[in-house]
Amino acid sequence: MKLDSQEPSGPLEDKWNNHLQDIKLVSPNNKRKYNIIVVGTGLAGASAAASLAELGYKVKAFCIQDSGRRAHSISAQGGINAAKNYPNDGDSVWRLFYDTIKGGDYRSRESNVYRLAQNSNEIIDQAVAQGVPFAREYGGLLDNRSFGGAQVSRTFYARGQTGQQLLMGAYQAMMKEVHSGKIEYYPRHEMLDLVMIDGKARGIITRDLVKGDINKFEADAVVLCTGGYGNVFYLSTNAKNSNVTAAWRCHKRGAAFANPCYVQIHPTCIPVSGDYQSKLTLMSESLRNDGRVWVPRKKGDDRPPNEIPEDERYYYLEEKYPSFGNLVPRDVASRNAKLVTDDGMGVGETGKAVYLDFRDAIKRDGIETIRSKYGNLFDMYENIMDENPYEVPMKIFPAVHYTMGGLWVDYNLMSNVPGLFVAGEANFSDHGANRLGASALMQGLSDGYFIIPYTIGNYLADHQPGDLTTDHKAFTEAAKTSEDQLQKLLSIQGDKTIIEFHRELGKIMWDKVGISRSKEGLEEAIEQIRELREEFWTNVRVPGEMTYYNKYLEFALRVADYFELAELMAIDALDREESCGCHLRDEYQSEEGEAIRNDEDYSFVSAWEYQGINGKLKTKLHKENLEFEFVELKQRSYK
Amino acid sequence: MSTMTIHLKIWRQKNANDPGHFEDYTLDEVSEHMSFLEMLDVLNENLIKEGKEEPVEFDYDCREGICGSCNLVINGRAHGPKHKTAVCQLHMRNYSDGDTIVIEPPRAAAFPVIKDLVVDRSAFDRIIEAGGYVSVKTGSAPEANLIPIAQDVSNESFDYATCIGCGACVAACPNSSAALFTGAKLAHLNLLPQGQPEIEKRTIAMVDQMEKEGFGDCSNHGECEAVCPVGISISAIAEMRKDYLKAVI
């Protein structure tokens, strides 16, 4: 396996423009000869499908939901970053780039991140032209707010529903091209395999989730936009159907999986309440603009929060990080929540929560101002917790939220498999070891609107649109493999349900591959994952049949892939003997619990090659060294 | 923590051709902190373990009230008893020990049943496809602040844009009309300056598609607004009628 990042040379600010001038074009008449498959219709997928169809390519768009409008991008609450500098507070493309590289703890490519910052402004223009109703000032111009890890206000938002509004923009653009006939649209279809012919990605195998049958689709290129793998933890803020299967199947067909251990644990989520819990709910990071995070100074203090006097409250983020305060990056906020609760200062029934308090903001700005900013989030909280956050501080705790790792891609967002492009959360490209708030929407749309449409032409220009049909034996074989696996799962008829297995796997991952990791814990996790995986394949009970709508069969297949991915995540975390961003190894931290990076030995992207599975996962590490030409590597400090 | 015994009457239907029927179930030890869908998860875990019946199929995804996948009709009311709350955000604390709960799919000719409580809502996609967008190609947009929009106009447009496309409005309407869904998308786009160039074409195309899909007409019952989980105002329908009239005369 050879990893060539294809990064253009030259000054940072000119790389992308130079690259655009150098890459090959496909003429308008020839574009219609190429078939492109886009899998996933979230921000990255819908924007890519729409933009590729507008260019004249023949596009097929697939999603697992009953409509493209339901992709999990819709749940993003807080906002999208851009370097417009409308508030005149000193922002620039460079600052957005620098904050993102620093926020990612210097584990991402300079060239990719700079391009992301450059594209950010155009995304806002595009979205506004589509009719995305961003928040506005009285004068009618766009408003901004602050997010973690930045000292400027660069976040554009649509109340607490920014993801929904941006997704509607991209989904509607996609439906416009469905109407024009350039996109064939396949909702309720799940990708089960990548079809490789002569070393290139040439199609996919899907299951029609309504009829249950296995289908084959050929293409000249495949664009994978299938999101992240946070659901490996069972409990996360991801939607219930978010899964790794499409990406994992590409990995098993040769695509390198990069930095699988980089998992973002979001600091502000609603705490777990019981065993039946099916998912965790995020409270937007924007709340940290006005909410103050604290715990009682006295361990086990069970007085109601409003009876605890000011000097007995430990505002630990404000005290430890005076310049960023409650707006430290997510990894720092999550780690500190764990530290104080591990020390016995946690609150709530389980002791696994901290307070997020709006008392002072309400006193300062009035209840109506707070309601207008966060009304829907407060309602959501009250609905779930049955407590009024205008009167009693919210209880929050970290939860798995986003995965920075994903399939390895070069500067063109093509994986090491020719013809397989990967966009959005599914790739590893831009966030290093930690993603800053309001950057996921930016990356998904940058990839889909403004990168893939150009870079895919560079690949297709050298690729003859052929007369390939799905009768080719590679399709027949791949379809049979998928069908056999489904039959196998249905035939086991063991004693334990899929959810029981998934919950057990999630517990191993949360305890040992979660907020903090240790050599000992990771080695135990690997053993436990292997044992549980073996039990899964002999003792799982999957109901029903594969010939009709069967949600639990879908889950079974996805959990089977999580069992393999989980081992790779633990192996990656074990291999990385340093702490960086969200990856905290107990052995590599300062006395105050800050991450200690090891730039000399670990300034690389870990790209893993799948080599088979037989009781143990066989995998080989390839390293892409990260060169920092324009940024000086520093120990991050938010103090 | 208090627990309850809950009796369930759930619509079971193998596929679109099966006539379907209600089935009775009883669940013990339902926690008041459970969400409604988590209660159904627990029922399904029991059914899978018993192995006699297949689990109950129902649609869901985000479980935070924004994706619009879930759409159960509970005791005759779309999304259940709590005002402006999608069923995934409904908690069992809204029920009492011994309650009987009837669960059905959202019923409408334009929403054929796929299995049990899962229906086909692709008609909504086709309404959007007919014209629910601003035709702006990627890369051709002007600088964002060149389009100033008064805050109140922008806010009003936003309120309509928050529709989650769940279909509760259709389920609740005695005519199975999709006027609130269609009206909300039209109002979102038609109120904005970006939406003006295509306003007539869009309005006619979407309204025509709505009829073609077999949704009924609106006769101002207002049930749609009452069950809408995000509180879309019925004034969306008035906006739609106004724009439609302007477009056709």
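In this predicted model, the secondary structure of chain B amounts to eight helices and seven strands. The C-alpha atoms of chain B occupy a box of roughly 60 × 40 × 35 Å when taken along the principal axes, and of the 249 residues in the chain, 55% count as buried. Among the contacts of chain B with a separation of 6 or more, 72% are accounted for by residues 24 or more positions apart. The predictor's confidence in chain B is expressed by a mean pLDDT of 97, with 100% of its residues reaching 70 or more, while the complex as a whole is given an ipTM of 0.98 and a pTM of 0.97.

Chain B is assigned two domains, with domain 1 spanning residues 3–114 and domain 2 spanning residues 122–248. The C-alpha centres of these two domains of chain B are 29 Å apart, and 18 residues of domain 1 of chain B are in contact with 17 residues of domain 2 of chain B. On the side of domain 1 of chain B that touches domain 2 of chain B, 10 residues are nonpolar, five are polar and three are charged.

Asp97(B) offers a local view of chain B, as this residue is placed in the loop between β4 (77–78) and β5 (100–104) of chain B. Asp97(B) has 11 C-beta neighbours inside 10 Å and therefore counts as exposed, the limit for that class being 12 or fewer. When residues up to four places away in sequence are left out, Asp97(B) touches Met4(B) and Thr5(B). Asp97(B) and Asp28(B) are 69 residues apart along the chain, and their C-alpha atoms are separated by 9.4 Å.

Between the chains, 65 residues of chain B are in contact with 65 residues of chain A. The side of chain B that touches chain A draws at least two residues from each of α1 (36–50), β6 (113–115), α2 (122–131), α3 (151–161) and α5 (179–190) of chain B. By class, this side of chain B consists of 27 nonpolar, 21 polar and 17 charged residues.

In chain A, the domain assignment distinguishes domain 1 (266–400) from domain 2 (473–601). The C-alpha centres of domain 1 and domain 2 of chain A lie 30 Å apart, and the contact between them involves six residues of domain 1 of chain A and six residues of domain 2 of chain A. Helix α9 (residues 330–342) of chain A contributes five residues, the largest share of the side of domain 1 of chain A that touches domain 2 of chain A. That side of domain 1 of chain A has two nonpolar residues, one polar residue and three charged residues.

Two sheets of chain A may be described in turn. One is an open sheet of five strands with parallel pairing, in the order β5-β2-β1-β9-β17 of chain A. Its edges are formed by β5 (183–186) and β17 (420–422) of chain A, each of which has a single partner strand, so that one side of each is left without a neighbour in the sheet. On average, and with direction ignored, neighbouring strands of this sheet are turned by 20° against each other. Within the sheet, strand β2 (residues 58–62) of chain A pairs with β5(A) in the parallel sense over four bridges, and Val59(A) has Ile183(A) as its bridge partner in β5(A).

The other is an open sheet in which four strands of chain A follow the order β16-β10-β20-β21, with antiparallel pairing. Strands β16 (406–407) and β21 (616–625) of chain A are the edge strands of this sheet, each pairing on one side only. Strand β10 (residues 257–258) of chain A is joined to strand β20 (residues 604–614) of chain A over two bridges in the antiparallel sense, and the bridge partner of Ala258(A) in β20(A) is Ala607(A). Helix α16 (residues 551–575) of chain A lies across three strands of chain A, namely β10, β20 and β21, and runs at about 50° to β21(A).

Notes:
Residues are numbered from 1 along each chain as its sequence is written. Chains are lettered from A and ligands numbered from 1 in the order in which they are written. This is a predicted model: local features need pLDDT of at least 70, side-chain atom pairs count only at pLDDT 80 or more; totals for chains, interfaces and linings use all residues. Domain bounds come from an automatic or database domain assignment. Two residues are in contact if their C-beta atoms, placed from the backbone, lie within 7 Å. Ala, Val, Leu, Ile, Met, Phe, Trp, Tyr, Cys and Pro count as nonpolar, Asp, Glu, Lys and Arg as charged, and the others, Gly among them, as polar. Two strands pair if DSSP finds at least two bridges between them. Axes are lines fitted to C-alpha atoms, for helices over the stretch in contact, and angles run from 0 to 180 degrees between N-to-C directions. pLDDT is the predictor's confidence in each residue, from 0 to 100. A residue is buried if 20 or more other C-beta atoms lie within 10 Å of its own, exposed if 12 or fewer, and partly exposed in between; C-beta atoms are placed from the backbone.
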